[in-house]
Amino acid sequence: MGIGGTYASSMQVEVYMRGRSKLPVFVENAAEFLTTGNKKFTNKSVVIISSVSGNTKEMVELVDRVHEKGAKVFSFIDNPGTTLTQPDKQDYLIVYPMNEQLKFYMVANYLMYKNGEFDDYDRYNKEMEANLADVLVQVEKDSDE
């Protein structure tokens, strides 16, 4: 779930998973979810959010609503010490700026792996760890030219 750019980033990963996984994955705009809800959302749901500011009003309200229903919140927050980094605002927290889409894809890959749908997960992650930083730096250099 997200607002603005976070919502857009999550839509890409939903399409990625839809073609590769049997896991039920839904992308929700936080403001719409707060207004209309989703009958498929249960206490067994896991909500994955990302927030640059860590203080977006709709996202703060969203995590409170999710917890009221008994579901879990997995958060990527860019800025430490913000509202969404407080202990009562998530069940799992990673504070790290940048690469929002990469964070979502990494979680998607892990969920598919745990669901028995990503046999090459270990090899893939080893290659990512070995090469990703250098490749990202090179892409940025190439783009600057």
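1. Ser-21 is buried in this predicted model, its relative accessible area being 12%. Because buried is taken to mean under 20% relative accessible area, the value of 12% places Ser-21 in that class. In the chain, Ser-21 belongs to the loop that runs between α1 and α2 (30–36).

2. Two polar interactions of Ser-21 deserve the reader's attention. The side chain of Ser-21 meets the side chain of Glu-117 in a polar contact of 2.5 Å. The side chain of Ser-21 also reaches the backbone nitrogen of Leu-23, at 3.0 Å. Once neighbours within four places in sequence are set aside, the residues in contact with Ser-21 are Met-112, Asn-115 and Glu-117. Glu-117 therefore appears both in this contact list and, through its side chain, in the polar contact, a pair of N or O atoms within 3.5 Å.

3. A second buried position is Ile-49, in strand β1. The relative accessibility of Ile-49 is 0%, so the residue counts as buried. Not counting residues up to four places away in sequence, Ile-49 touches Met-1, Met-59, Leu-62, Val-63, Val-73, Phe-74, Ser-75, Phe-76, Ile-77, Leu-84 and Phe-104. With one of these residues, Phe-76, the C-alpha to C-alpha separation is 6.2 Å, while the two positions are 27 residues apart in sequence.

4. Aromatic rings form a further theme, with ten aromatic pairs in the structure. One of them joins Phe-76 and Phe-104 in an edge-to-face arrangement, with 6.4 Å from centre to centre and 75 degrees between the planes. This pair links distant parts of the chain, as Phe-76 lies in strand β2 and Phe-104 in helix α4, 28 residues apart. Both Phe-76 and Phe-104 are buried, and both are among the residues that Ile-49 touches. Elsewhere, ring pairs link Tyr-110, Tyr-113, Phe-118, Tyr-121 and Tyr-124 into a cluster.

5. The largest pocket has a volume of about 830 Å³. Its lining consists of 30 residues, and Pro-24, Val-25, Phe-26, Val-46 and Ile-48 are those that lie nearest the pocket centre. The elements giving two or more residues to this lining are α1 (5–18), β1 (46–51) and α4 (100–114). Of the lining of the largest pocket, α4 supplies the largest share, seven residues. By class, the lining of the largest pocket comprises 20 nonpolar, five polar and five charged residues.

6. The second largest pocket holds about 180 Å³ of space. Phe-74, Phe-76, Ile-94, Tyr-96, Asn-99, Leu-102, Lys-103, Met-106, Val-107, Leu-132 and Leu-136 form its lining. Two or more residues of this lining come from each of β2 (72–77), α4 and α5 (121–144). Here α4 gives the most, with four residues. The lining of the second largest pocket divides into nine nonpolar residues, one polar and one charged.

7. Two links between these points may help when viewing the model. Phe-76 takes part in the edge-to-face pair with Phe-104, is touched by Ile-49, and also lines the second largest pocket. Helix α4 contributes seven residues to the lining of the largest pocket and four to that of the second largest pocket, and Phe-104 of the aromatic pair is in this helix as well.

Methods:
Residues numbered from 1 in each chain as written. Predicted model: local features only at pLDDT ≥ 70, side-chain atom pairs only at ≥ 80, totals over all residues. Heavy atoms only, no water. 1 Å grid on protein atoms, 1.4 Å probe; cavity = no way out; pocket = protein on both sides within 12 Å on 5 of 7 lines; lining within 4 Å. Points joined across faces, edges and corners; volume = space filled by probe spheres on them. Nonpolar A, V, L, I, M, F, W, Y, C, P; charged D, E, K, R; others polar. Buried < 20%, exposed > 50% of the residue type's maximum accessible area, 1.4 Å probe, protein only. Polar contact = N/O pair within 3.5 Å; in protein donor to acceptor, adjacent residues only side chain to side chain. Contact = heavy atoms within 4.5 Å. Phe/Tyr/Trp six-rings, centres within 6.5 Å; stacked < 30°, edge-to-face > 60°.
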